[in-house]
Amino acid sequence: MATDYDAPRDTGDGGSNDESIEALKGRRDDKQSSAVDVDVEAVEGLELPGADLSGEELTVQVVPLQEDEFTCMTCFLVHHRTQLAGTDKNGQPVCRDCAP
C-alpha cells in the first residue's frame, strides 16, 4: 500500500489543531517554573573541574623505560621499538604516527 507522506496527519483526537500562537505561548509559560529539581544523590559523587583534591593520595607505579622501548621526541609517548620510524633532523627518535 502506497503512503503519502506529504498528506496532513490525522491524530485521531477529533479536535481542531488550529490554536493561535498566543495560546500556545501562554500554555508554554504556564508549564515553566523557576523551581529547579535537584537530585542530591545523583550529584554526590560528581567531581567538578578544579575541585580541591589536596587531601587525596595518588599511587602510581612508575616503570623505567625498557630496553625495547623509546620515547618519541615529537609526541613524548613511550612506544615499542617496532613503532620507530627513524630520527628527526636533530637525531631524536620519532614514532610512526609522528613521522612525516
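**H79, two cysteines and a surface patch**

Modeller: Setting aside neighbours within four places in sequence, H79 contacts D68, E69, F70, C72 and C95 in this predicted model.

Biologist: Where does H79 sit?

Modeller: H79 belongs to strand β2, which covers residues 78-80.

Biologist: Is H79 buried or exposed?

Modeller: H79 is buried, since its relative accessible area is 14% and the cut-off for buried is under 20%.

Biologist: C72 was on that contact list. How many disulfides does the structure hold?

Modeller: The count is 0. C72 is in no disulfide, and the nearest cysteine sulfur to its own is that of C75, 3.7 Å away. C75 is likewise in no disulfide, its nearest cysteine sulfur being that of C72 at 3.7 Å.

Biologist: Why does that pair not count as a disulfide?

Modeller: The two sulfur atoms would have to be within 2.5 Å, and the sulfur of C75 is 3.7 Å from that of C72, so the pair does not qualify.

Biologist: And C72, buried or exposed?

Modeller: C72 counts as buried, at 0% relative accessibility.

Biologist: What about C75?

Modeller: C75 counts as partly exposed, because its relative accessibility is 27% and that class lies between the 20% and 50% limits.

Biologist: Changing topic. How many helices and strands are in the protein chain?

Modeller: The protein chain has 2 helices and 4 strands. In sequence order they run α-α-β-β-β-β.

Biologist: What share of the chain is buried?

Modeller: Of the 100 residues in the protein chain, 5% are buried. H79 and C72 are among the buried residues.

Biologist: What about contacts over long sequence separations?

Modeller: Take the contacts in the protein chain between residues at least 6 apart in sequence: 7% of them join residues at least 24 apart.

Biologist: And how much surface does the protein chain expose?

Modeller: About 9,700 Å², with carbon and sulfur atoms supplying 50% of that area.

Biologist: Which residues make the nonpolar surface patch?

Modeller: V43, L46 and L48 make a nonpolar patch of about 310 Å².

Biologist: Where is L48?

Modeller: L48 is in the loop that runs between α2 (40-43) and β1 (69-71).

Biologist: Buried or exposed, that L48?

Modeller: L48 is exposed, because its relative accessible area of 59% is over the 50% cut-off.

Conventions:
Residues are numbered from 1 along each chain as its sequence is written. This is a predicted model: local features need pLDDT of at least 70, side-chain atom pairs count only at pLDDT 80 or more; totals for chains, interfaces and linings use all residues. Side-chain values use heavy atoms; hydrogens and water are left out. Patches are made of residues with over 30% relative accessible area and no salt bridge: like charges are joined within 9 Å, nonpolar side chains (Val, Leu, Ile, Met, Phe, Trp, Tyr) within 5 Å. Accessible areas come from the Shrake-Rupley method with a 1.4 Å probe; for residues, only the protein chains shown count as cover. A salt bridge is a side-chain nitrogen of Lys or Arg within 4 Å of a carboxyl oxygen of Asp or Glu. Buried means under 20% relative accessible area, exposed over 50%, partly exposed in between (1.4 Å probe, protein chains only). Contact means heavy atoms within 4.5 Å.
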